[in-house]
Amino acid sequence: MRIDLHTHSTASDGTDTPAELVRNAAAAGLDVVALTDHDTTRGYAEAIAALPEGLTLVTGAELSCRIDGVSMHLLAYLFDPEEPELLAERELVRDDRVPRARGMVAKLQALGVPVTWEQVARIAGDGSVGRPHVATALVELGVVPTVSDAFTEDWLADGGQAYMEKHETDPFEAIRLVKGAGGVTVFAHPGADKRGRTVPEAAIAKMAAAGLDGIEVDHMDHDPETRDRLRGLAADLGLLVTGSSDYHGSRKTVTLGEFRTDPEVYGEITRRATGAFPVPGTGGA
Ligand SMILES: [Zn+2]
Ligand SMILES: [Zn+2]
């Protein structure tokens, strides 16, 4: 079984529509794919309608969190998308995305970059606007060669010259809300230090004690040493270990299924979840 538990569509900052994403996942030979757009479940209906036979969809989201001033992402799987408390928190985070992206544009303009809000809005299209869209504008303008080159202190990394904070959820609150909606939580790319400061292990231990289910270990932003360290941490804390592509379509170079999750871990995630069930493909359009 080939299982990829972290992907983005045009519902957030990926470049594949949800329908294209599930078709591409099937074409990449995946058996299971999770749709985990940032702070939104908006892509579910289209992905389910287009889901090819033989591919199972895990519904999810990647929640924007912050602890002690450090931003982090929490993957949430198989929660009830209608559960009101978690839904309200996602809306709070999402409503803050436009003013935040506008703020980053203003900071870039002050730095002499000829970026406009119209350009960023065009790149984001229907998706909930985020830093990668601003980064893509910088690539279009020839300011940086690639999107990842925009995630530095000179530009858009946490605390960078053009960075703006946004509303982010306390991870302990997020874990509680996701559990309350019947979902399972996995700390996304906890060792991705190129994006900014990372969360200390002591805080991850506290999250484990508060009900965190797992950590994402096999991820393109983790070098082999980081993966070994995180695998050891997961063993110490009794956390599940996942691997996933964090696919963003053509916005990043990683391909669907390039990093994957062990079938036993996937089985455990589905056993723990009570908010939603994985959706088997029935052919799609
Ligand atoms: Zn992330
Ligand atoms: Zn992601």
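**Close-up views of a two-zinc site and a domain contact**

**View 1. The site of the zinc ion (ligand 1), with donors spaced E-x10-H-x115-H in sequence.** Welcome to this predicted model. Here the zinc ion (ligand 1) is held by an OE atom of Glu62, ND1 of His73 and NE2 of His189. These donor distances run from 2.0 to 2.1 Å.

**View 2. Glu62 as the bridge between the zinc ion (ligand 1) and the zinc ion (ligand 2).** Put Glu62 in the middle of your view, and you will find a zinc ion on either hand of this bridging residue. The separation of the two ions is 3.4 Å.

**View 3. The zinc ion (ligand 2) and its donors His6, His8, Glu62 and Asp246.** Both histidines, His6 and His8, offer NE2, while Glu62 gives an OE atom and Asp246 an OD atom. The distances to the zinc ion (ligand 2) are 2.0 to 2.3 Å. Along the chain, the spacing of these donor residues reads H-x1-H-x53-E-x183-D. What angles do the four donor atoms subtend around the zinc ion (ligand 2)? They range from 78 to 170 degrees, and the arrangement is therefore irregular.

**View 4. Domain 1 and domain 2, the two parts into which the chain is divided.** Domain 1 is made up of two segments, 3-89 and 168-280, and domain 2 covers 97-150. Ten residues of domain 1 and nine residues of domain 2 take part in the contact. If you place a marker on each C-alpha centre, the markers for domain 1 and domain 2 will be 25 Å apart. The size of an interface is often given as the accessible area lost when the parts come together. For domain 1 and domain 2 this buried area is about 710 Å², with 41% of it on carbon and sulfur atoms.

**View 5. The salt bridge of Arg97 with Asp39.** How far apart are the closest N and O atoms of Arg97 and Asp39? They are 3.1 Å apart. Between domain 1 and domain 2 the count is one salt bridge. Across this interface, five residue pairs are in polar contact. On the side of domain 1 that touches domain 2, the residues comprise one nonpolar, five polar and four charged.

Technical notes
Residues numbered from 1 in each chain as written. Chains lettered and ligands numbered in written order. Predicted model: local features only at pLDDT ≥ 70, side-chain atom pairs only at ≥ 80, totals over all residues. Heavy atoms only, no water. Domains from an automatic or database assignment. Contact = heavy atoms within 4.5 Å. Buried area = accessible area lost by both parts, 1.4 Å probe. Salt bridge = Lys/Arg side-chain N within 4 Å of Asp/Glu carboxyl O. Polar contact = N/O pair within 3.5 Å; in protein donor to acceptor, adjacent residues only side chain to side chain. Nonpolar A, V, L, I, M, F, W, Y, C, P; charged D, E, K, R; others polar. Donors = N, O, S within 2.8 Å, 3.2 Å for Na, K, Ca; no water. Tetrahedral: all angles 85-135°; square planar, octahedral: opposite > 155°, others 65-115°.
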